[in-house]
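Today I'm opening a new model and jotting down what I look up. I want to go through the DNA side and then the place where the chains meet.

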There are 2 protein chains.
Amino acid sequence: MIECETPQDECGVRDALDRLGDKWSVYVVVELSPGTKRFKELQRAIPGNISQRMLTLTVRRLERDGLVKRTVYPTVPPKVEYELTELGRSLTHLVKALADWSIAHRPAIAASRAAWDAAHADGAHADGAHADGA
Amino acid sequence: MIECETPQDECGVRDALDRLGDKWSVYVVVELSPGTKRFKELQRAIPGNISQRMLTLTVRRLERDGLVKRTVYPTVPPKVEYELTELGRSLTHLVKALADWSIAHRPAIAASRAAWDAAHADGAHADGAHADGA
DNA sequence: CTGTATCCACAATGATACTG
DNA sequence: CAGTATCATTGTGGATACAG
């Protein structure tokens, strides 16, 4: 059961979601969980072709929040390494739980979607009515 | 440590995030976790003044995914009740874990942000985070 | 009361070019 | 290689009017 002592303050759930709800933050955490990676490595590792701009923004935000540590080697050419902090690693646990849930229930969700789409096919005015790809 | 067997397929984390990453889905799950609620009740219960449009869209998506059950009473005036399904309740645990993490580490994150902002306010960066320049 | 359809504002993302 | 700046595009959310 979820308790909200301060509904006006959005009870803390929003906090975590805002931090992970963007398109790439989770992937950065995931790809950094095995260990340190350089900027370019991170970019290549993340699925979906993240742009330099978005990787920079995402990684900066995570650094600001203390989830990621950024180490600059003032060499030529430049070399920057990223790694999870303690805080970041504590999140990894949670992200994994989320992934596990998603994987475990994906079939059920796919079935539900298919059923919903079938039941609403006659009206045909709902939003994204597409079959899943799982 | 998070394993991704199919990096190209976005390894399942994206799935869960896409489902909860929008602005309101989590709140619907939270407010429904104590029990059944009507449309208007849900709208009033959710912090942040969700519009009819967004509540409808959010609730429809959750229904399609099988997280929420929608019951229509063909009366006048209409009455529609929403409740979590088994699947939805299984998510509740996860959402709570997320909230707990957020609450537990909020001070640390706030401190990190303050430090980051201070270090980047004037353009100067007295970061001790660097290695040798070899 | 519940829900749909339109129009509009803004934030997030992506593509590209340029700099150190 | 790493990062910034700019511009175009998209998606998401909000306000409102209308319908069952």
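Before I start, I need one term: a polar contact is a pair of N or O atoms within 3.5 Å. I also keep in mind that this is a predicted model.

**Entry 1: DNA strand C**

I looked up A:Arg53, and one of its polar side-chain atoms sits 3.2 Å from a base oxygen of DNA strand C. Then I tried chain B, where an N or O atom in the side chain of B:Gln52 is 3.1 Å from a base oxygen of the strand. For B:Tyr82, the partner is a phosphate oxygen of DNA strand C, 2.8 Å from a side-chain N or O atom.

Which elements give two or more residues to this surface? I found helix H4 (52–64) of chain A, plus helix H3 (39–45), helix H4 (52–64) and strand S3 (79–84) of chain B. H4(B) gives the largest share, four residues.

In total I get 19 residues around DNA strand C, with A:Lys23 and B:Phe39 among the closest. By class, they come out as eight nonpolar, three polar and eight charged. Of the strand's atoms within 4 Å of the protein, 62% belong to sugar or phosphate.

**Entry 2: chain A meets chain B**

Next I checked the contacts: 61 residues of chain A touch 58 residues of chain B. The two chains bury about 5,600 Å² between them, 65% of it on carbon and sulfur atoms.

How many salt bridges are there between chain A and chain B? I count six. One that I looked up pairs A:Asp65 with B:Arg113, with the closest N and O atoms 2.5 Å apart. On chain A's side, H5(A) brings the largest share, 21 residues.

Notes:
Residues are numbered from 1 along each chain as its sequence is written. Chains are lettered from A and ligands numbered from 1 in the order in which they are written. This is a predicted model: local features need pLDDT of at least 70, side-chain atom pairs count only at pLDDT 80 or more; totals for chains, interfaces and linings use all residues. Side-chain values use heavy atoms; hydrogens and water are left out. A residue is near a molecule or strand if one of its heavy atoms lies within 4 Å of it. A polar contact is a pair of N or O atoms within 3.5 Å; within protein, one must be able to donate a hydrogen and the other to accept it, and residues adjacent in sequence count only if both atoms are side-chain atoms. Ala, Val, Leu, Ile, Met, Phe, Trp, Tyr, Cys and Pro count as nonpolar, Asp, Glu, Lys and Arg as charged, and the others, Gly among them, as polar. Contact means heavy atoms within 4.5 Å. Buried area is the accessible area (1.4 Å probe) that two parts lose on being put together, summed over both. A salt bridge is a side-chain nitrogen of Lys or Arg within 4 Å of a carboxyl oxygen of Asp or Glu.
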